[in-house]
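Please open the structure in your viewer and keep the selection tool at hand. The stops below say what to select next and what is there.

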Amino acid sequence: MRSQLKMHMVLSGLVAGGLLLSGCTQVRGHQGYIVDPVLTNAIQAGVDNRASVEATLGRPTFTGQFEENTWYYVSRETKQLAFNSPTPRNQMVMRVTFDETGNVTAVDRTGLELVASINPDGDTTPTLGRERSFFQELFGNIGAVGAPGAQGASNDPTRP
């Protein structure tokens, strides 16, 4: 009886430890286009056109905002441990530019070298001007008789 209880406790401890350690595993993620290096390297300026690029790579991730003659294929792989924020491991942005007739004029590729880390400045947005408390804002105009913009009669005999 004691040995069964001891065995049950050891087994419960192992299961609990396994569950705790499973929270520390690395989670890998993928966003965007799934890159096939053979297909992406096959696109060449002066050889391909809009139809052949779409047949080879598929529809672009997005097109240029100001001109539709630029297509972008974006791919990103991330890693994440437990509850941390995901961090990029690998990234590829492929820009394909077309001329007016639809022929490829340029193919550019970039990676993680253009990723910028942006850190916000605290929980508030810095503003210009006076820094006043809530009560100063609420009661700040009390006693400001005859202040510019105030309504009512003036004590100045030169003004009505």
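Helices (H or I, at least four residues) and strands (E, at least two) are here DSSP runs, numbered from the N terminus. This is a predicted model, in which local features need pLDDT of at least 70 and side-chain atom pairs count only at pLDDT 80 or more, while totals for chains, interfaces and linings use all residues. Residues are numbered from 1 along each chain as its sequence is written, and side-chain values use heavy atoms, with hydrogens and water left out.

**The whole chain**

Begin by selecting the protein chain, which has four helices and five strands, running α-β-α-α-β-β-β-β-α from the N terminus on. If you colour by pLDDT (the predictor's confidence in each residue, from 0 to 100), the mean for the chain is 81, and 83% of its residues reach 70 or more. Among the elements, helix α1 (residues 2-22) has the lowest mean pLDDT, 78, whereas strand β5 (residues 104-110) has the highest, 93.

Now show the surface: its accessible area, from the Shrake-Rupley method with a 1.4 Å probe and, for residues, with only the protein chains shown counting as cover, comes to about 13200 Å², and 57% of this belongs to carbon and sulfur atoms. Of the 160 residues, 16% are buried, where buried means under 20% relative accessible area, exposed over 50%, and partly exposed in between (1.4 Å probe, protein chains only).

**S75, in strand β3**

Select S75, which is placed in strand β3; is this residue buried or exposed? S75 is buried, because its relative accessible area is 6%. A polar atom of its side chain lies 2.9 Å from the backbone oxygen of Y33. If you display contacts (heavy atoms within 4.5 Å) and leave aside neighbours within four places in sequence, S75 is in contact with H30, Q31, Y33, V35, N90, Q91 and M92.

**N69, just before the same strand**

Move next to N69, in the loop between β2 (62-63) and β3 (70-81). N69 has 16% relative accessibility and therefore counts as buried. Its side chain is joined to that of E100 by a polar contact of 3.3 Å, a polar contact being a pair of N or O atoms within 3.5 Å; within protein, one must be able to donate a hydrogen and the other to accept it, and residues adjacent in sequence count only if both atoms are side-chain atoms. Not counting residues up to four places away in sequence, N69 touches R50, V96, T97, F98, D99 and E100.

**P88 and L112**

Select P88 in strand β4 (residues 87-98) together with L112 in the loop between β5 and α4. The two are 24 residues apart along the chain, yet their C-alpha atoms are separated by 7.9 Å. P88 is partly exposed, with a relative accessible area of 33%, and L112 counts as partly exposed at 32%. Beyond residues up to four places away in sequence, P88 touches R76, E77, T78 and L112, while L112 touches P88, R89, N90 and Q91. From L112 to N90, 22 residues apart in sequence, the C-alpha to C-alpha distance is 6.4 Å.

**Helix α4**

For the last stop, select L138, found in helix α4 (residues 134-139), and then add F134, F135, F139 and I142, which together with L138 form a nonpolar patch on the surface with about 610 Å² of accessible area. Patches are made of residues with over 30% relative accessible area and no salt bridge, like charges being joined within 9 Å and nonpolar side chains (Val, Leu, Ile, Met, Phe, Trp, Tyr) within 5 Å; a salt bridge is a side-chain nitrogen of Lys or Arg within 4 Å of a carboxyl oxygen of Asp or Glu.
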